[in-house]
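This briefing looks at one sheet with its neighbouring helices, and then at aromatic pairing. Please keep the sequence and the 3D view at hand while reading.

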Amino acid sequence: MNRIAPAGRLLAVAAVAGLALTACGGGGGDTAAQKSEPASSAPASAAKGDGTLTIGDVLPQTGSLAFLGPPEFAGIDQAIKEINEAGGVLGKPVNKIHTDSGDTTTNIASQSVDKLIAQKADAIIGAASSSVSESIIDKVTGAGLVQFSPANTSDKFTTINDHGLYFRTAPPDRLQGRVLGDLIAADGNDTIGILAMQDSYGSGLADQVTKTAEAAGAQIVERVDYDPKAADFSADVAKIKAKNPKAIVLIGFEESAKVVQELVKQSLTADKYKWYMVDGNMSNTNYLKMPKGTLKGVKGTIPGAAAPTEFQKKLLAIDPKLTNYTYAAESYDAANLIALAAQEAKTDDPAQIAKHLVTVSKGGEKCADFKSCDELLKAGKDVDYDGISGPIEFNDAGDPAIATIGVYEYGADNKYDATKALEYRKGNIEG
């Protein structure tokens with residue numbers, strides 16, 4: 001992958017032929033062949049298609065990623081609104097059921113899945129957290145339902161044994177990690193400290209940042225994988241301070257606010273050191289109570305292109321309280337793709353939806369919303385849905401074959417402008 005272009009340059013494209021997918025975070029011994037097992041061998045669905053497409057979701061209303069819930073719910077709501085206005089799926093309105101995922105400190109997600117299975121959901125959008133999705137994937141795909149995450153980035157899902165029923169519109173961490181590692185090195189940082197939450201998300205991203213930054217000539221002088229549930233992070237931050245790195249990488253969720261407070265307390269402030277964040281902690285609500293300028297100049301990466309202005313207006317009509325749009329486009333696209341797959345398959349049987357998710361995402365006539373794609377399907381055409389989040393083309397692992405990563409910067413108000421990226425990086429998701 002080429003190094004990142006100077007700030008302001010948009011759409012730097014890495015054209016890489018071929019696709020080699022490996023799991024950096026490990027997959028419990030599963031192989032890529034297991035991951036891409038045909039959907040026809042999946043467990044029998046309890047619903048088997050009852051003629052009404054029911055899309056449930058397991059997304060954060062509470063917990064450490066609760067700030068991601070509103071844009072994800074809004075994206076799904078907007079998609080289903082448009083789908084039903086266009087006549088629905090299989091001649092009927094799509095049924096939607098919102099549920100909470102909580103986080104890994106609770107059993108909320110598992111209870112939500114039980115509820116959705118009982119209510120005959122055909123597909124479940126979620127979870128946002130990779131670790132939460134890991135905790136429910138056996139239950140979801142074991143029941144024969146499609147699981148489709150708009151935000152999971154852990155590399156483990158590339159090789160996990162899901163009976164061919166798991167898909168995502170967010171790219172694996174190895175792409176975000178490469179972009180972030182390149183960015184840090186390109187900014188002139190030859191010594192780096194990493195504070196990463198200890199789970200598949202945090203460790204996987206930290207591994208990839210380390211690999212990329214070291215390949216660019218930088219040195220990771222200290223890496224601390226911390227317990228995100230810890231009451232105090234002073235010892236963790238002290239380890240970073242002892243090595244005095246030029247750059248400090250923060251990989252976490254909501255608890256990053258406490259880590260930031262400790263960095264400031266130990267004089268590792270953003271005006272003296274270069275801080276970098278990731279999608280899990282790039283929040284416009286988490287740091288507002290801090291003194292002005294605490295995060296000024298801090299850069300961070302978020303998978304996906306910025307939500308277009310017209311799309312933002314539609315989402316604000318759904319939820320006027322939205323403060324960011326992270327993964328809204330990916331959620332919108334997930335709902336549209338599920339609906340188009342069911343429409344093309346002429347059934348809401350989850351196994352058939354899984355098969356057709358691949359075919360509606362590539363190889364046909366381009367279309368960008370449910371209505372235009374549906375009109376092509378009714379005319380007997382093959383469709384290639386390219387959505388708000390960018391070109392979507394699933395590979396055999398259910399991952400998007402190419403993806404976009406945006407780089408954003410915080411201002412003096414401790415917020416970043418979700419509509420303005422310093423730059424974007426597009427690339428193939430090779431291992």
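In what order do the 3 strands of the open sheet lie, and what is their pairing? The model is predicted, and in it the open sheet follows the order 12-13-14 with mixed pairing.

**The sheet and its helices**

- Strand 12 (365-367) and strand 14 (390-391) are the edge strands, each of them pairing on one side only.
- Strand 13, which covers residues 383-387, pairs with strand 14 in the antiparallel sense over 2 bridges, and Asp386 has Pro391 in strand 14 as its bridge partner.
- Helix 10 (residues 328-345) lies across strand 13 and strand 14 and runs at about 165° to strand 13, while helix 12 (residues 370-378) lies across strand 12 and strand 13 and runs at about 150° to strand 12.

**Aromatic pairs**

- Across the whole structure, a search finds 10 aromatic pairs; among them is the tilted pair of Phe148 and Phe167, with 6.3 Å centre to centre and 35° between the planes.
- This pair links distant parts of the chain, with Phe148 in strand 5 (residues 146-149) and Phe167 in strand 6 (residues 166-168), 19 residues apart.
- Phe148 counts as buried because its relative accessibility is 0%, and Phe167 is likewise buried, with a relative accessible area of 4%.
- The pair of Tyr287 and Tyr410 is edge-to-face, because the ring centres are 6.1 Å apart and the planes stand at 85°.
- Tyr287 lies in the loop between strand 10 (274-277) and strand 11 (299-303), and Tyr410 in the loop between strand 15 (402-409) and strand 16 (423-428), 123 residues apart.
- Both Tyr287 and Tyr410 are buried, and together with Tyr408 and Tyr416 they form one aromatic cluster.

Conventions:
Residues are numbered from 1 along each chain as its sequence is written. This is a predicted model: local features need pLDDT of at least 70, side-chain atom pairs count only at pLDDT 80 or more; totals for chains, interfaces and linings use all residues. Side-chain values use heavy atoms; hydrogens and water are left out. Two strands pair if DSSP finds at least two bridges between them. Helices (H or I, at least four residues) and strands (E, at least two) are DSSP runs, numbered from the N terminus. Contact means heavy atoms within 4.5 Å. Axes are lines fitted to C-alpha atoms, for helices over the stretch in contact, and angles run from 0 to 180 degrees between N-to-C directions. Rings of Phe, Tyr and Trp (its six-membered ring) pair if their centres lie within 6.5 Å; planes under 30 degrees apart count as stacked, over 60 as edge-to-face and the rest as tilted. Buried means under 20% relative accessible area, exposed over 50%, partly exposed in between (1.4 Å probe, protein chains only).
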